[in-house]
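This briefing goes through a single protein chain, from its overall build to its pockets and then to selected residues. Please keep the sequence and the three-dimensional view at hand while reading.

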Amino acid sequence: MRWTLHKMDTVLPSTPVIVAAAVALFLGGFGGLMTPIGRWYGDLRKPTLQPPNWLFGPAWTIILGLAAWSAVIAWNAAPDQAARTNVVILFATNAVLHALWSPLFFRARRPDWALIEVVFLWASLVALVVGLWPISPFASLLIVPYLLWVSFAAWLNSAIVRLNRPFD
């Protein structure tokens with residue numbers, strides 16, 4: 001993590017740190033706002049391996065924090081502007097796909113549509129793991145918990161679709 005010394009001897013975080021933290025906070029906040037746990041969700045039949053609702057907030061906080069850390073490491077490790085552009089494209093694509101899932105599942109009440117979307121979210125995470133590896137293996141490995149969680153979430157999503165279809 002790069003820090004810069006301000007004129008008044010105050011240590012301030014660098015731009016990549018600020019941007020990564022802001023995106024992680026935005027995604028976490030947006031996801032929370034788009035995830036009403038109301039009667040509709042409560043009435044859905046869920047698989048036996050469904051975690052308790054309280055677990056999702058802490059899990060996403062950790063996962064998005066690791067992703068932000070990964071972004072900063074990859075940005076700083078990128079050998080040139082082309083590699084930095086690739087880092088931004090990989091993370092921006094993932095952020096858009098991350099932001100789409102909750103509105104589809106919870107706001108539109110379409111777990112079936114969310115199940116289609118989660119395939120693209122999952123693919124964006126595979127692309128991050130693969131694309132970051134040559135730049136920074138550590139940054140790549142920081143994405144693995146996110147990939148594993150989305151893999152599990154995709155399974156939960158498919159089980160909810162199977163147990164509750166059809167959706168209109």
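The points below are grouped by topic, beginning with the fold as a whole.

The model is a predicted one, and it comprises 6 helices and 2 strands. Read from the N terminus, these elements follow the order β-β-α-α-α-α-α-α, so the order given by this assignment, in which helices and strands are DSSP runs numbered from the N terminus, places the two strands ahead of the helices. Two pockets, two salt bridges and a few individual residues are then taken up in turn.

**Overall build**

- Taken along the principal axes, the box filled by the C-alpha atoms of the protein is roughly 60 × 35 × 25 Å.
- Of the 168 residues in the protein, 42% are buried.
- Among contacts with a sequence separation of 6 or more, 72% are accounted for by residues 24 or more positions apart.

**The largest pocket**

- The largest pocket has a volume of about 680 Å³, and its lining is made up of 32 residues, with Gly31, Thr35, Phe56, Trp60 and Ser102 lying nearest its centre.
- At least two lining residues come from each of helix H1 (15-33), helix H3 (53-77), helix H4 (81-107), helix H5 (111-132) and helix H6 (137-164).
- By residue class, the lining of the largest pocket holds 20 nonpolar and 12 polar residues, and no charged residue is found in it.

**The second largest pocket**

- The second largest pocket encloses about 410 Å³ of space, and among the 20 residues that line it, Val19, Ala20, Val23, Ala71 and Phe91 lie nearest its centre.
- Two or more residues of this lining are given by each of the elements H1, H3 and H4, and H1 gives the most, with 7 residues.
- The lining of the second largest pocket divides into 18 nonpolar and 2 polar residues, again with no charged residue.

**Salt bridges**

- The structure holds 2 salt bridges, one of which joins aspartate 43 to arginine 39, with their closest N and O atoms 3.5 Å apart.
- Aspartate 43 and arginine 39 are separated by about one helical turn, because they are 4 residues apart in helix H2 (residues 39-43), and both of these residues are exposed.
- A salt bridge also links aspartate 112 with arginine 110, where the closest N and O atoms are 2.6 Å apart.
- The partners of this pair fall into two accessibility classes: aspartate 112 has a relative accessible area of 21% and is therefore partly exposed, while arginine 110, with a relative accessible area of 12%, is buried, the cut-off for buried being under 20%.

**Serine 124 in helix H5**

- Serine 124 is found in helix H5, and it counts as buried because its relative accessibility is 6%.
- The side chain of serine 124 reaches the backbone oxygen of leucine 121 at 2.7 Å.
- When residues up to four places away in sequence are not counted, serine 124 touches Asn94 and Leu97.

**Alanine 92 in helix H4**

- Alanine 92 has its place in helix H4, and its relative accessible area of 40% makes it partly exposed.
- Although alanine 92 and alanine 127 are 35 residues apart in sequence, their C-alpha atoms are 12 Å apart in space.

**Backbone features**

- Arginine 109, placed in the loop between H4 and H5, has a phi near 55 degrees, which is a positive value in a residue other than glycine.
- With a relative accessible area of 45%, arginine 109 is partly exposed.
- The peptide bond that runs from arginine 165 to proline 166 is cis, with omega near 0 degrees, and proline 166 itself lies in the segment after H6.

Terms used:
Residues are numbered from 1 along each chain as its sequence is written. This is a predicted model: local features need pLDDT of at least 70, side-chain atom pairs count only at pLDDT 80 or more; totals for chains, interfaces and linings use all residues. Side-chain values use heavy atoms; hydrogens and water are left out. On a 1 Å grid over the protein atoms alone, a cavity is a set of points where a 1.4 Å probe fits but cannot get out, and a pocket is an open set with protein on both sides within 12 Å along at least five of seven lines; lining residues have an atom within 4 Å of a point. Grid points are joined across faces, edges and corners, and a volume is the space filled by probe spheres set on the points. Ala, Val, Leu, Ile, Met, Phe, Trp, Tyr, Cys and Pro count as nonpolar, Asp, Glu, Lys and Arg as charged, and the others, Gly among them, as polar. Buried means under 20% relative accessible area, exposed over 50%, partly exposed in between (1.4 Å probe, protein chains only). A polar contact is a pair of N or O atoms within 3.5 Å; within protein, one must be able to donate a hydrogen and the other to accept it, and residues adjacent in sequence count only if both atoms are side-chain atoms. Contact means heavy atoms within 4.5 Å. A salt bridge is a side-chain nitrogen of Lys or Arg within 4 Å of a carboxyl oxygen of Asp or Glu.
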